[in-house]
Amino acid sequence: MAAGTIRFWAAAKSAAGVAEEPYTAATLAEALDAVRERHPGELTRVLLRCSFLVDGDPVGTRGHETVRLAEGGTVEVLPPFAGG
């Protein structure tokens, strides 16, 4: 398990009620499952439309269970922004 930070932007930040929070997870899928447990409701719906950066690299279409998280890493949660 790695420990790091999840940062929420725009609609994800609003739905989570926080700008960032810690994670302890081995994969992006595990980290997002924990986020859904902590923030049921609107954030769960927002996450369906989000893209993700892990340590600055786009996740793209890779399966979240295949994306390993590093100790001290950062996950950016990016909902669609105006015009995109």
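Here is a quick tour of this chain, from its overall build down to a few single residues. This is a predicted model, in which local features need pLDDT of at least 70 and side-chain atom pairs count only at pLDDT 80 or more, while totals for chains, interfaces and linings use all residues. Residues are numbered from 1 along each chain as its sequence is written, and side-chain values use heavy atoms, with hydrogens and water left out. The chain holds 3 helices and 5 strands, and the strands form an open sheet.

**The whole chain**

- Starting at the N terminus, the elements come in the order β-α-β-α-α-β-β-β. Helices (H or I, at least four residues) and strands (E, at least two) are DSSP runs, numbered from the N terminus.
- The chain's radius of gyration is 12 Å, close to the 12 Å that the globule rule gives for 84 residues, so the chain is as compact as a globular protein of that length. That radius is taken over C-alpha atoms, and the globule rule is 2.2 Å times the number of residues to the power 0.38.
- Along its principal axes, the C-alpha trace spans about 30 × 25 × 20 Å.
- Of the 84 residues, 39% are buried. Here buried means under 20% relative accessible area, exposed means over 50%, and partly exposed is in between (1.4 Å probe, protein chains only).
- Take the contacts with a separation of 6 or more: 60% of them involve residues 24 or more positions apart. A contact means heavy atoms within 4.5 Å.

**Surface and charge**

- About 4700 Å² of the chain is exposed, and carbon and sulfur atoms supply 55% of that area. Accessible areas come from the Shrake-Rupley method with a 1.4 Å probe; for residues, only the protein chains shown count as cover.
- There are 8 positive and 11 negative side chains, and the centres of the two sets lie 5 Å apart. Lys and Arg count as positive and Asp and Glu as negative, with His and the chain ends not counted. Each charge is placed at NZ of Lys, CZ of Arg, CG of Asp or CD of Glu.

**The sheet**

- Strands of a sheet pair through backbone hydrogen bonds, either parallel or antiparallel. For the pairs below, DSSP has to find at least two bridges between the two strands.
- The 5 strands line up in the order 2-1-5-3-4, with mixed pairing. Strand 2 (20-25) and strand 4 (57-58) sit at the edges with a single partner strand each, so one side of each has no neighbour in the sheet.
- Strand 1 (residues 2-8) runs parallel to strand 5, and 4 bridges join them. One residue to look for is phenylalanine 8, whose bridge partner in strand 5 is valine 77.
- Strand 3 (residues 51-54) pairs with strand 5 too, but in the antiparallel sense, over 4 bridges. Here valine 54 stands opposite valine 75 of strand 5.
- Strand 3 and strand 4 are also antiparallel, joined by 2 bridges. Valine 54 turns up again, with aspartate 57 as its bridge partner in strand 4.

**Strand 5 and what comes after**

- Why is strand 5 (residues 74-78) largely enclosed by the rest of the structure? In strand 5, 5 of the 5 residues are buried, so the rest of the structure largely encloses it.
- Both faces are covered, with Thr74, Glu76 and Leu78 buried on one side and Val75 and Val77 buried on the other.
- Proline 79 is in the segment after strand 5, and it counts as buried at 3% relative accessibility.
- Beyond its neighbours within four places in sequence, proline 79 is in contact with Trp9, Ala10, Ala11, Ala12, Val46 and Cys50. Proline 79 and alanine 11 are 68 residues apart in sequence, yet 6.4 Å apart in space, C-alpha to C-alpha.

**Other residues to find**

- Leucine 53 belongs to strand 3 and is partly exposed, at 23% relative accessible area. Not counting residues up to four places away in sequence, leucine 53 touches Pro58, Thr74, Val75, Glu76 and Leu78.
- Most residues other than glycine have a negative phi. Alanine 10, in helix 1 (residues 10-16), has a positive phi near 50 degrees.
- Aspartate 55, in the loop between strand 3 and strand 4, also has a positive phi, of about 50 degrees. Aspartate 55 is partly exposed, with a relative accessible area of 41%.
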